[in-house]
Amino acid sequence: MNNNELPNDLIIAIDEQFGAALAMMKEVICKCPEHIWNEKSQGPPFWHISYHALYFLDLYLCFTKEERESFQPFFRDMSHRVGNTPKIPLESYQVKEYLEKCSKKARKYFSRLEIQDLYRPSVFEWHGTNILSSLIYNLRHLMLHIGTLNYRVLRADVALDNWVSEKKNAFADIN
């Protein structure tokens, strides 16, 4: 069996897991209490960790090197580096708009991804040898920050019910 004959099960599985992660991200952002949105006593504020995670999700969903090289951040004058928090915070609605944009980009990305693409060289040379490695890297990065955000919300005594194991129709209820 060559790459052109492989089933799309792997793409479907990755798509489902990105959909699940984005659903979890939406839930934790929506449940974040106002009093911890810009709280800095535990490190970078909640909003900036959210922005950082979405910025890199957005960047790492560039399908080609040309897209990567022409990448324009959603908020052009906003630092995406954790630890370099801008003085003026983003509002909750702005982060939710960015999440919606990233969700749409992910839908587009996975709709055009074919099994042979997974074995192409990575658009991000620092992520490994191929697209599959980059996708796994991107998902791990996103989940790391979702875990951090969950922890902060749970410490504020807010109940979360945001574990999503898979999304059969990935991204369907993100908006």
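Leaving aside neighbours within four places in sequence, Asp-58 is in contact with Phe-71, Tyr-98, Lys-101, Cys-102 and Lys-105 in this predicted model. Asp-58 has its place in helix 3, and the residue is buried, with a relative accessible area of 0%. Of its partners, Tyr-98, Cys-102 and Lys-105 are among the buried residues of helix 5.

The protein chain as a whole contains six helices and zero strands, and its pattern, read along the sequence, is α-α-α-α-α-α. Buried residues account for 49% of the 175 residues in the protein chain. When contacts between residues at least 6 apart in sequence are considered, 77% of them join residues at least 24 apart.

Helix 5, to which several of the partners of Asp-58 belong, comprises 21 residues and spans 31 Å from its first C-alpha to its last, which is close to the 30 Å expected at 1.5 Å a residue. Its buried residues are Gln-94, Val-95, Tyr-98, Leu-99, Cys-102, Ser-103, Lys-105, Ala-106, Tyr-109 and Phe-110, and these pack against helix 1, helix 2 (34-37), helix 3 (46-60) and helix 6 (131-155).

The packing of helix 5 (residues 92-112) with helix 1 (residues 9-31) was examined in further detail. The two helices pack at an angle of about 175 degrees, and their axes lie 11 Å apart; because angles over 145 degrees count as roughly antiparallel, helix 1 and helix 5 are roughly antiparallel to each other. On the side of helix 1, the contact is made by Ile-11, Ile-14, Asp-15, Phe-18, Leu-22, Met-25, Lys-26, Ile-29 and Cys-30, whereas helix 5 contributes Val-95, Lys-96, Leu-99, Ser-103, Ala-106 and Phe-110. By residue class, the contact of helix 1 with helix 5 divides into 11 nonpolar residues, one polar residue and three charged residues. Val-95, Leu-99, Ser-103, Ala-106 and Phe-110, which take part in this contact, are also listed among the buried residues of helix 5.

The cysteines were considered separately. A disulfide is a covalent bond between the sulfur atoms of two cysteines. With a cut-off of 2.5 Å between cysteine sulfur atoms, the count comes to zero disulfides. The cysteines include Cys-30, which is partly exposed with a relative accessible area of 42% and which belongs to the residues of helix 1 that meet helix 5. Cys-62, by contrast, is buried, with a relative accessible area of 2%, and Cys-102 is likewise buried, in helix 5, where it is in contact with Asp-58.

Definitions and conventions: Residues numbered from 1 in each chain as written. Predicted model: local features only at pLDDT ≥ 70, side-chain atom pairs only at ≥ 80, totals over all residues. Heavy atoms only, no water. Buried < 20%, exposed > 50% of the residue type's maximum accessible area, 1.4 Å probe, protein only. Axes fitted to C-alpha atoms, helices over the stretch in contact; angles between N-to-C directions. Helix = DSSP H or I, 4+ residues; strand = E, 2+ residues; numbered from the N terminus. Parallel < 35°, antiparallel > 145°, perpendicular 65-115°, else oblique. Contact = heavy atoms within 4.5 Å. Nonpolar A, V, L, I, M, F, W, Y, C, P; charged D, E, K, R; others polar. Expected span 1.5 Å × (residues − 1).
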